[in-house]
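Biologist: I'm new to this one and have it open in front of me. Can you walk me through it?

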Amino acid sequence: MDHEYYMQQALLLAREAAAHGEVPVGCVIVKDGVIIGRGRNRREEKQAVHSHAEMEAMAQANEALGAWRLDDCILYVTMEPCPMCAGAIINARIHRVYYGVRDEAMGACGGVLNLFMERFPHRPQLVGGLLAEECRTVLQDFFRGLR
């Protein structure tokens with residue numbers, strides 16, 4: 001499995017989010033080597049707190065599989081998931097999470113706390129730092145443009 005390829009796909013979605021004035025976070029969900037869910041931040045567009053990249057990708061993956069469980073799926077996201085998204089990942093039974101850059105302000109996979117280390121019945125495997133520099137650059141460029 002080419003983890004960098006899938007993170008590159010998430011980065012394309014992050015750049016798309018930035019082009020629409022959203023914080024540039026992108027996410028893809030993969031099952032058996034096929035992308036079954038794609039998402040990008042759309043909070044401003046939808047004026048909805050839950051419109052994070054991970055939530056959008058999980059909804060699409062649920063639809064693709066016709067199931068709420070995302071067993072044996074791998075999630076790739078450009079920035080460490082927040083508590084809401086980490087909770088949904090746990091509930092969806094996602095097998096493994098790869099993220100690019102740590103979120104020291106809202107991260108729930110080590111940035112502030114790590115929900116995946118708690119005693120939930122399902123705990124995804126976590127891999128951080130995949131294409132971290134590229135993910136960080138996309139975020140920095142976006143926030144630099146706002147100033």
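Biologist: What does Glu45 form a salt bridge with, and how far apart are the closest N and O atoms?
Modeller: Glu45 pairs with Arg40, and the closest N and O atoms are 3.3 Å apart. A salt bridge here is a side-chain nitrogen of Lys or Arg within 4 Å of a carboxyl oxygen of Asp or Glu. Bear in mind that this is a predicted model, where local features need pLDDT of at least 70 and side-chain atom pairs count only at pLDDT 80 or more, while totals for chains, interfaces and linings use all residues. Residues are numbered from 1 along each chain as its sequence is written, and side-chain values use heavy atoms, with hydrogens and water left out.

Biologist: Is Arg40 buried or exposed?
Modeller: Buried, at 3% relative accessibility. Buried means under 20% relative accessible area, exposed means over 50%, and partly exposed is in between, using a 1.4 Å probe and protein chains only. Glu45 is partly exposed at 45%.

Biologist: Which other side chain does Glu45 meet in a salt bridge?
Modeller: Arg42, at 3.3 Å from N to O. Arg42 is partly exposed, with 22% relative accessibility. Arg42 also forms a salt bridge with Glu56, again with the closest N and O atoms 3.3 Å apart. Arg42 sits in the loop between E2 and H2 while Glu56 is in helix H3, so this pair ties together parts 14 residues apart in sequence. Those labels are DSSP runs numbered from the N terminus: helices (H or I) have at least four residues and strands (E) at least two. As for Glu56, that residue is buried, at 17%.

Biologist: Which residues are linked in that network?
Modeller: Glu16, Arg40, Arg42, Glu45, Lys46 and Glu56 are linked by salt bridges. The structure holds nine salt bridges.

Biologist: Switching to the nonpolar core. Which residues touch the most other members?
Modeller: In the largest nonpolar core, which has 43 residues, those are Ile29, Met58, Leu70, Leu75, Tyr76 and Ile94. Such a core is a set of buried Ala, Val, Leu, Ile, Met, Phe, Trp, Tyr and Cys residues joined through side-chain atoms within 4.5 Å. H1, E1, E2, H3, E3, H4, E4 and H5 each supply at least two of its residues.

Biologist: What is Ile29 in contact with?
Modeller: Leaving aside neighbours within four places in sequence, its contacts include Val34, Ile36, Met58, Leu70, Leu75 and Ile94. Contact means heavy atoms within 4.5 Å.

Biologist: And Thr78, where does that one lie?
Modeller: In strand E3. Thr78 is buried, at 2% relative accessibility. Beyond its neighbours within four places in sequence, Thr78 is in contact with residues including Met7, Leu11, Val25, Val101 and Cys135.

Biologist: How many residues of H4 are buried?
Modeller: Seven of the 10, so H4 is largely enclosed by the rest of the structure. The buried ones are Cys85, Ala86, Gly87, Ala88, Ile89, Ile90 and Ala92. They pack against H3, E3 and E4.

Biologist: What about phi just after H4?
Modeller: Arg93 takes a positive phi there, about 70 degrees. Most residues other than glycine have a negative phi. Gln47 also has a positive value, near 50 degrees. Gln47 is in the loop between helix H2 and helix H3, and counts as exposed at 63%. Then there's Leu131, with a positive phi of about 50 degrees, in the loop between strand E5 and H5. Leu131 is buried, with a relative accessible area of 18%.

Biologist: Last topic, pockets. How much space lies in the largest pocket?
Modeller: About 440 Å³. Of its 21 lining residues, Val23, Val25, Met79, Asp103 and Met106 are the closest to the centre. On a 1 Å grid over the protein atoms alone, a pocket is an open set of points where a 1.4 Å probe fits, with protein on both sides within 12 Å along at least five of seven lines, and lining residues have an atom within 4 Å of a point. Points are joined across faces, edges and corners, and the volume is the space filled by probe spheres set on them.

Biologist: Where does the largest share of the lining come from?
Modeller: Helix H5 (residues 132-146), which gives four residues.
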